[in-house]
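Got the viewer open? Here's a short tour: select each piece as we go and have a look at what sits around it.

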Amino acid sequence: MSKFGTHADYPRESLGLAEAGLLTAWRSLERYHQELVLVGGLAVHYLTRPQFPGSLPGAVTMDVDFGVSLVASGGQYGTIKSDLAGLGFKSEGNRLVRRFGNLNLYLDFLTEDPPALTGARMVDDVIASVIPGLNRALACRRMVRVQGRDLYGTLQECEIAAADIGPLLVLKINAFGGPTGRRLPKDAYDILLSVTQFVDGPEAAVAGFQVEANTSNTGFKSAQRALQQDFSNPDGDGPIRAAEFCMSDGEERERVRELTATVGRMLLGI
């Protein structure tokens, strides 16, 4: 289990552990840097900042999610899995996991192989889930500076490629309500957070998403449909589940639902 139903369910140390895992893996996968991009909850974390006191409580995650090019290869210098095995990560189904204290830290890999919409592919020697729109995330990256301690306690400072806001929102919206969407409260919350607390402001997040309509992003149309179906009014699945993730009640629940629906309409341009 690496996703919980509410923000409060996440262990306090989980975000820091995920960041430590990222710093550890990124340094060891240096020869793959042009073929990797950070997506998922950590990307949301690095692309958002609290905009005002009392705003949403911030990003949480227990995973490190990497988008990887289908043709990534270490050649004669080893493989992704062997490099990560040397850091203590072991295979668990389609994922890599390392136990750290009382918590499991997961590394997941995503790729794109058009026209396939689902399934998995072997990339180098790791199993990567097929996700439409991932190639746009690889092509449209934002470098973020991350400083902290890795899993060995060593202070690290890295420039890490994260998916920029437009491709990231497409991936997040499809994770919630796309063809294989999980409809998890955390994904709905991440969409709300990514727009309202985007480092360059909500208007820039909306513009970044709308730009994707005129690109090669294979996930945009399904993301647009998901917004229309699930995020365009406060009684939709997205707003209801975002409020549930925040554990809001009463007037606060209504505020989160209204805010999430407003975000959905902004992204749709209505």
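**Stop one: a histidine ahead of the helices**

Start by selecting histidine 7, which you'll find in the segment before helix 1 (14-28). Keep in mind that you're looking at a predicted model. Is histidine 7 buried or exposed? Its relative accessible area is 19%, and the cut-off for buried is under 20%, so histidine 7 counts as buried.

Now show what touches it. Beyond its neighbours within four places in sequence, histidine 7 has contacts with Pro57, Gly58, Val60, Tyr189 and Phe245. Zoom in on glycine 58: its backbone oxygen is 3.0 Å from a polar atom of the histidine 7 side chain.

**Stop two: helix 9**

Phe245 is your link to the next selection, helix 9 (residues 237-245). Colour its buried residues: Gly238, Pro239, Ala242, Ala243 and Phe245. They sit on the same side of helix 9, because the arc they cover around the axis is only 160 degrees. In general, an α-helix has 3.6 residues a turn, so residues three or four places apart point the same way.

What covers that buried set? Bring up helix 5 (165-177), helix 6 (185-196), helix 8 (220-230) and helix 10 (250-268), which are among the elements doing so. Before moving on, click methionine 247, which follows helix 9 and has a positive phi, near 55 degrees.

**Stop three: helix 5 against helix 7**

Keep helix 5 and add helix 7 (residues 202-211): their axes are 7 Å apart, at an angle of about 75 degrees. The two are therefore roughly perpendicular. Show Ile165, Gly166, Leu169, Val170 and Ile173 from helix 5, with Ala204, Ala205, Gly208 and Phe209 from helix 7, to see the contact. By class, that's seven nonpolar residues, two polar and no charged ones.

Notes. Residues are numbered from 1 along each chain as its sequence is written. This is a predicted model: local features need pLDDT of at least 70, side-chain atom pairs count only at pLDDT 80 or more; totals for chains, interfaces and linings use all residues. Side-chain values use heavy atoms; hydrogens and water are left out. Buried means under 20% relative accessible area, exposed over 50%, partly exposed in between (1.4 Å probe, protein chains only). Helices (H or I, at least four residues) and strands (E, at least two) are DSSP runs, numbered from the N terminus. The arc is that of the directions from the helix axis to the C-beta atoms. Contact means heavy atoms within 4.5 Å. A polar contact is a pair of N or O atoms within 3.5 Å; within protein, one must be able to donate a hydrogen and the other to accept it, and residues adjacent in sequence count only if both atoms are side-chain atoms. Axes are lines fitted to C-alpha atoms, for helices over the stretch in contact, and angles run from 0 to 180 degrees between N-to-C directions. Angles under 35 degrees count as roughly parallel, over 145 as roughly antiparallel, 65 to 115 as roughly perpendicular and the rest as oblique. Ala, Val, Leu, Ile, Met, Phe, Trp, Tyr, Cys and Pro count as nonpolar, Asp, Glu, Lys and Arg as charged, and the others, Gly among them, as polar.
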